[in-house]
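Me: I have a structure to go through. Please help me see how its labels are earned.

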Amino acid sequence: MDMSRDELFQNAVSELGYSFDGEMRIGGNYVPIVGNGNEIYISGQIPRVGNTVVVTGRVGQDASLDDGRLAAKICAMRALALLRQSLGSLDRVKKILRMTVYVQSASDFTQQSEVADGASELLYSIFSSAGQHTRTSVGVFQLPKNASVEIDMIVAVDTASGSGDAWLAV
Amino acid sequence: MDMSRDELFQNAVSELGYSFDGEMRIGGNYVPIVGNGNEIYISGQIPRVGNTVVVTGRVGQDASLDDGRLAAKICAMRALALLRQSLGSLDRVKKILRMTVYVQSASDFTQQSEVADGASELLYSIFSSAGQHTRTSVGVFQLPKNASVEIDMIVAVDTASGSGDAWLAV
Amino acid sequence: MDMSRDELFQNAVSELGYSFDGEMRIGGNYVPIVGNGNEIYISGQIPRVGNTVVVTGRVGQDASLDDGRLAAKICAMRALALLRQSLGSLDRVKKILRMTVYVQSASDFTQQSEVADGASELLYSIFSSAGQHTRTSVGVFQLPKNASVEIDMIVAVDTASGSGDAWLAV
């Protein structure tokens, strides 16, 4: 029997061995998620689990390509955890529209796309064609808290079943 | 008595001691603001006042964290000045949807979020909850004119009261 | 007699001397174009022609400003080629909303805007006022495959004449 997206998400959580259950930060000068119409913007996510950034340093120097791919996966999982908390279920995701992947890179590291693949594969494994997104991957000089990767997203959601969400009422 | 957003904006102008009254550039191959439906895209802003970029160099090396925060604030003020000129009043802003903050960083400078806070605090002080935005902060290698910070935004506006704006008629 | 946008595009192809006829990649974990409502997101494009990245290295060090401008133009042409394949004709473009230009920069290279002008001029030459976009130009540390420039876009299109496009059915 096919698994639901929420089950696939939980499976990915188990495979990674990290918890993404932390409370969504409410308030503050900026917020993790904002909606406008059927579009959801998600703030840049670093590979933080609880209070620890689990992959740090320059990819291609302090961190390997595989470390970078893991970091990208964790960033994407954090974004999905936020979506799930906001929407109730990942079933309300219609399409991942855009993912921007910032990779803290060594001077000669040119495999930013391969790092980003870690996140793209995760999205496809959970959402199938609804997870096929547009993507931009670039190599930056530094990232907050020395994170190896940072990812933000724009997502289209099904609003019909969820009118009245506070976060959609911009 | 509560101050209006436009008054709060003018107060922030006075506190900073810079003028943001310059004409909005019209024409050219690109433009400062474009609208689509109720969304407004704002071009990347550097901390320029008149013809001078007032904060330059790498944050964490040539410029301090406080310099960076000031730079972020000026970038955000420029974006708001453009919005105000286009909309007539900041009262038509429904929600700041997205802010991306690019910080020209020293190799080991990892406080891009703290730099971005300068802009986030400004937005909240003027718009309260409507100013709570999603945010991505990254450390880049260089910026135009050696600026320390560059910021772009996407903003949702109230279109009902302003149908017919040339710049909304895409 | 005025040339159509598609003719202007073909002229630009001829002037550059490169072919942009390659098949649009279908499938995979991410895709070149996704639509939502009347907005089209286009994945980050590097100056690749066929299987070759034709401009590589740091602008201001390994590549000249003119090389960078050419790279930006090729990135933009790739984006337009994708749009044209998806839409049938560039006549369905209503407005280029946003272009983000990532320039692999030398440490002291600060002319990212001048590099981006290569792409902005191209857009204006083909779309006139519909091509006047908002823009963000930044200097990054590396790019996929050592490309000198990467560009992504968000574009508003006329959906009335093309309802039923598979790629719009998010």
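Me: Which residue of β2(B) stands opposite B:Val34?

Reply: It is B:Tyr41. Keep in mind that this is a predicted model.

Me: How do you know that β1(B) and β2(B) are paired?

Reply: Count the bridges. A pair of strands needs at least two bridges. Four bridges join β1(B) to strand β2 (residues 39-45) of chain B. The cut-off is met, so the strands count as paired. They run antiparallel.

Me: What is the order of the strands in the sheet of chain B?

Reply: The order is β1-β2-β7-β5-β6. These five strands form an open sheet, and its pairing is mixed. From one strand to the next, the twist averages 15°.

Me: What makes β1 and β6 of chain B edge strands?

Reply: Look at their partners. β1 (33-36) and β6 (134-140) of chain B each pair on one side only.

Me: Which strands of chain B does helix α2 of chain B touch?

Reply: Helix α2 (residues 65-87) of chain B packs on the sheet and touches β1, β2, β5 (93-104) and β7 (149-157). Its direction makes about 35° with that of β7(B). Helix α3 (residues 112-127) of chain B also packs on the sheet. This helix α3 touches β5, β6 and β7 of chain B. Its direction makes about 160° with that of β5(B).

Me: Now chain C. Why is α1(C) called oblique to α3(C)?

Reply: Helix α1 (residues 5-16) and helix α3 (residues 112-127) of chain C pack at about 140°. Roughly antiparallel needs an angle over 145 degrees, and roughly perpendicular covers 65 to 115. The angle of about 140° fits neither class, so α1(C) is oblique to α3(C). The helix axes are 8 Å apart.

Me: Which residues make that contact?

Reply: From α1(C) come C:Arg5, C:Leu8, C:Phe9 and C:Ala12. From α3(C) come C:Leu122, C:Ser125, C:Ile126 and C:Phe127. By class, this contact of α1(C) with α3(C) has six nonpolar residues, one polar and one charged.

Me: How do you know that chains A and B are related as by a three-fold rotation axis?

Reply: Take the turn and the shift. A turn of 120° and a shift of 0.0 Å along the axis lay chain A on chain B, with an RMSD of 0.0 Å. The two copies are therefore related as by a three-fold rotation axis. Chain A can be laid on chain C with a turn of 120°, a shift of 0.0 Å and an RMSD of 0.0 Å.

Me: Why say that chains A and C meet through different surfaces?

Reply: Check how many interface residues recur. Only 7% of those of chain A are also interface residues in chain C, so the surfaces are different.

Me: How many residues of chain A touch chain B?

Reply: 22 residues of chain A are in contact with 27 residues of chain B. β2(A) gives the most to this side of chain A, with four residues. The side divides into 13 nonpolar, six polar and three charged residues.

Me: What makes up the side of chain A that touches chain C?

Reply: β5 (93-104), α3 (112-127) and β6 (134-140) of chain A each supply at least two residues. By class, that side has eight nonpolar, 12 polar and seven charged residues.

Note on methods: Residues are numbered from 1 along each chain as its sequence is written. Chains are lettered from A and ligands numbered from 1 in the order in which they are written. This is a predicted model: local features need pLDDT of at least 70, side-chain atom pairs count only at pLDDT 80 or more; totals for chains, interfaces and linings use all residues. Copies are superposed by least squares on the C-alpha atoms of residues with pLDDT of at least 70 in both. Axes are lines fitted to C-alpha atoms, for helices over the stretch in contact, and angles run from 0 to 180 degrees between N-to-C directions. Angles under 35 degrees count as roughly parallel, over 145 as roughly antiparallel, 65 to 115 as roughly perpendicular and the rest as oblique. Two residues are in contact if their C-beta atoms, placed from the backbone, lie within 7 Å. Ala, Val, Leu, Ile, Met, Phe, Trp, Tyr, Cys and Pro count as nonpolar, Asp, Glu, Lys and Arg as charged, and the others, Gly among them, as polar.
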